[in-house]
Amino acid sequence: MRALIISVDLGDPDFTAHAEEFAMLAKGAGAEIVGTLTARRDRPDAKFFIGSGKADEGVAMAQALLADIVLFDQPLSPAQQRNLERAFNLRVVDRVALILDIFALRAKSHEGKLQVELAQLQHLATRLTRMWSHLERQRGGIGMRGPGESQLEMDRRMIGAKVKTLRERLDKVERQRVTQRRARARGGALSVSLVGYTNAGKSTLFNALTRADAYAADQLFATLDTTTRRIWVEGAGSVVVSDTVGFIRDLPHGLIAAFRATLEETVHADLLLHVVDAASPQRDEQIFEVNKVLAEIGAAAIPTILVYNKIDLAGLEPRVERDAHGTIARVFVSATERAGLDALRGAIAETGQIVGNNAANYQTLQSE
């Protein structure tokens, strides 16, 4: 699908990096990018977000490039999206809808598909104004995976009923997860979850640690479904390692809510390995974005080790860094080169012993 990207610079100092990230999202959704229009504004225009002049420029550009769709790198209000679609006479997909679409494309498990459909329906429920009626001859493509166009014709009551059904089914899945989690807890295994910004290399590191074959690729949101493996770590014994969905800047709140059942694996972990792309110039911002989501799901207080991955691309050596209290804070590894993995296993064992001792002391205090 031939896509025109509209990038809006609202004074963001990292605008170029964010624009490149959005282009990766577009390609991940299967778009062929035929052109990019950049608009600079102090604040969004109420009608078109980019203003009428830029909108006219975009319409001419889309026609000249024979674009099939317009991808907008900011979240749009229903009115802004409707106005832009009428001006372009093309489907306009904003950042939120594009991320939802990629999740619909990548979800493989039954649970993942339920979670994506729930998030999509909740997003569509805010836009039930028959705003797509002028595009009814267009079928399929980016922004229309999952529930499909027929869902867009539903009234709020029908979507509400569907949302209720999906929540009930996800609640059932969550109860099954709780049962599995209790069984693991009875086994006394340390629970470790890998978290991090999308494309930081979590799945590659997961495979390297567990000798598993979870899908890994150099793209945003390569995997969505949580994968769990049990491994043996010297000094820690049996360890349950989980690979979770990646985070991204401005991750739609509907997705966080819908994926809460999956993210529960993170909330109930004994230890988090926060995987960071050491070669990314935006790594500090990405760490901040991940920490923001962890706080939102109630996982901010869980002991965490920062794992700087891709050190082979950053020109760094494997090493372990400790904080002022002597506690392991950062481990530098390369999952693809399998460098620094023994140090990471040692860090898991050392931190796991501290976590276990703290838990034992807590239980002793509770019983006294």
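Trainee: In what order do the four strands of the open sheet lie?

Mentor: In this predicted model, the four strands form an open sheet with parallel pairing. Its edge strands, each pairing on one side only, are strand 2 (32-40) and strand 4 (91-93). Neighbouring strands are turned against each other by 25° on average, direction ignored. The order is 2-1-3-4.

Trainee: Which residue of strand 2 is the bridge partner of isoleucine 6?

Mentor: Strand 1 (residues 2-9) pairs with strand 2 in the parallel sense, over eight bridges. In strand 2, the partner of isoleucine 6 is leucine 37.

Trainee: What angle does the direction of helix 2 make with that of strand 2?

Mentor: Helix 2 (residues 52-64) packs on the sheet, where it touches strand 1 and strand 2. The direction of helix 2 makes an angle with that of strand 2 of about 165°.

Trainee: Is helix 4 roughly parallel or roughly antiparallel to helix 5?

Mentor: The axes of helix 4 (residues 95-106) and helix 5 (residues 110-125) come within 9 Å and cross at roughly 155°. Angles over 145 degrees count as roughly antiparallel. Therefore helix 4 is, relative to helix 5, roughly antiparallel.

Trainee: How many residues in the contact of helix 4 with helix 5 are nonpolar?

Mentor: Helix 4 passes helix 5 in a left-handed crossing. Helix 4 contributes Val96, Ala97, Leu100, Phe103 and Ala104 to the contact, while helix 5 contributes Val116, Ala119, Gln120 and His123. Of the residues in this contact, none is charged, two are polar, and the number of nonpolar residues is seven.

Notes
Residues are numbered from 1 along each chain as its sequence is written. This is a predicted model: local features need pLDDT of at least 70, side-chain atom pairs count only at pLDDT 80 or more; totals for chains, interfaces and linings use all residues. Side-chain values use heavy atoms; hydrogens and water are left out. Axes are lines fitted to C-alpha atoms, for helices over the stretch in contact, and angles run from 0 to 180 degrees between N-to-C directions. Helices (H or I, at least four residues) and strands (E, at least two) are DSSP runs, numbered from the N terminus. Angles under 35 degrees count as roughly parallel, over 145 as roughly antiparallel, 65 to 115 as roughly perpendicular and the rest as oblique. A crossing is left-handed if the near helix is turned anticlockwise from the far one by less than a right angle, and right-handed if clockwise. Contact means heavy atoms within 4.5 Å. Ala, Val, Leu, Ile, Met, Phe, Trp, Tyr, Cys and Pro count as nonpolar, Asp, Glu, Lys and Arg as charged, and the others, Gly among them, as polar. Two strands pair if DSSP finds at least two bridges between them.
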